[in-house]
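Colleague: Please show me the model, and then let me ask how each label we use is earned.

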Amino acid sequence: MNNPVIKEALNYEMIFSQDEIKRRQYEIQEKAIRDYNSTILYNRQEGLKEGLEKGLKEGAENKAIEIALKMLENGSDVNFIADVTGLSVKKINEIKK
């Protein structure tokens, strides 16, 4: 308590805690900040989840295309390739070109 800065801070805290309007404004502001941070965190997590799902889907499609190309090189039937890879016949015909 010998430090004048600490004494001044404690004095302001005492004054602040006695002013109900300022204290309420502070609590509202703190809640808004927490809500904002929570929203940002949630949106970030959802974005990461969405990005991961999209990446996995694209990766699976790229792998299916790679398999289809190898099957085409080996002379496999387009309908058989479609069954094995899950790609549409139209997509396989596009790859074939």
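Colleague: Where do Arg24 and Glu27 lie, and how many residues apart are they?

Modeller: Both sit in helix 2, three residues apart, which is about one turn of the helix. A helix here is a DSSP run of H or I with at least four residues, a strand is a run of E with at least two, and numbering starts at the N terminus. Keep in mind that this is a predicted model, where local features need pLDDT of at least 70, side-chain atom pairs count only at pLDDT 80 or more, and totals for chains, interfaces and linings use all residues. Residues are numbered from 1 along each chain as its sequence is written, and side-chain values use heavy atoms, leaving out hydrogens and water.

Colleague: What makes the meeting of Arg24 and Glu27 a salt bridge?

Modeller: A salt bridge needs a side-chain nitrogen of Lys or Arg within 4 Å of a carboxyl oxygen of Asp or Glu. For Arg24 and Glu27 the N to O distance is 3.7 Å, so the pair passes that limit. As background, side chains of opposite charge can pair when their charged atoms come close.

Colleague: Why is Glu27 called partly exposed?

Modeller: Buried means under 20% relative accessible area, exposed means over 50%, and partly exposed is what lies in between (1.4 Å probe, protein chains only). Glu27 has 39% relative accessibility, so it counts as partly exposed.

Colleague: How do you know that Lys31 and Asp35 are paired too?

Modeller: Their closest N and O atoms are 2.7 Å apart, and they form a salt bridge. This pair also lies in helix 2, with their positions four residues apart in the count, about one turn of the helix. Lys31 is partly exposed because its relative accessibility is 45%, and Asp35 gets that label at 37%.

Colleague: And what makes Glu66 and Lys63 a pair?

Modeller: Their side chains meet in a salt bridge at 3.3 Å, N to O. Glu66 and Lys63 are three residues apart in helix 2, about one turn of the helix. Glu66, with a relative accessible area of 37%, is partly exposed, and Lys63 is partly exposed at 45%. A search of the whole structure finds four salt bridges.

Colleague: Which residues make the nonpolar surface patch?

Modeller: Ile67, Phe80 and Val84 make it, with an area of about 250 Å². Patch residues have over 30% relative accessible area and no salt bridge, with like charges joined within 9 Å and nonpolar side chains (Val, Leu, Ile, Met, Phe, Trp, Tyr) within 5 Å. Areas come from the Shrake-Rupley method with a 1.4 Å probe, and for residues only the protein chains shown count as cover. Ile67, which lies in helix 2 (residues 20-73), is partly exposed at 35%, so it clears the patch cut-off.

Colleague: What makes up the largest nonpolar core?

Modeller: It has 11 residues in all, among them Ala64, Met71, Val78, Ile81 and Ile92. Helix 2, helix 3 (78-85) and helix 4 (89-96) each give at least two residues to this core, and helix 2 gives the largest share, five residues. The name fits because a nonpolar core is a set of buried Ala, Val, Leu, Ile, Met, Phe, Trp, Tyr and Cys residues joined through side-chain atoms within 4.5 Å.

Colleague: Which residues is Ile92 in contact with?

Modeller: Contact means heavy atoms within 4.5 Å. Leaving aside neighbours within four places in sequence, Ile92 contacts Leu72, Val78, Ile81, Ala82, Thr85 and Leu87.

Colleague: How many helices and strands does the protein have?

Modeller: There are four helices and zero strands, and from the N terminus on they run α-α-α-α.

Colleague: What radius of gyration does the protein have, set against a compact globule?

Modeller: The protein has 31 Å, whereas a compact globule of 97 residues would be near 13 Å. The radius is taken over C-alpha atoms, and the globule rule is 2.2 Å times the number of residues to the power 0.38. The C-alpha trace spans about 90 × 30 × 20 Å along its principal axes. Buried residues make up 12% of the 97 residues.
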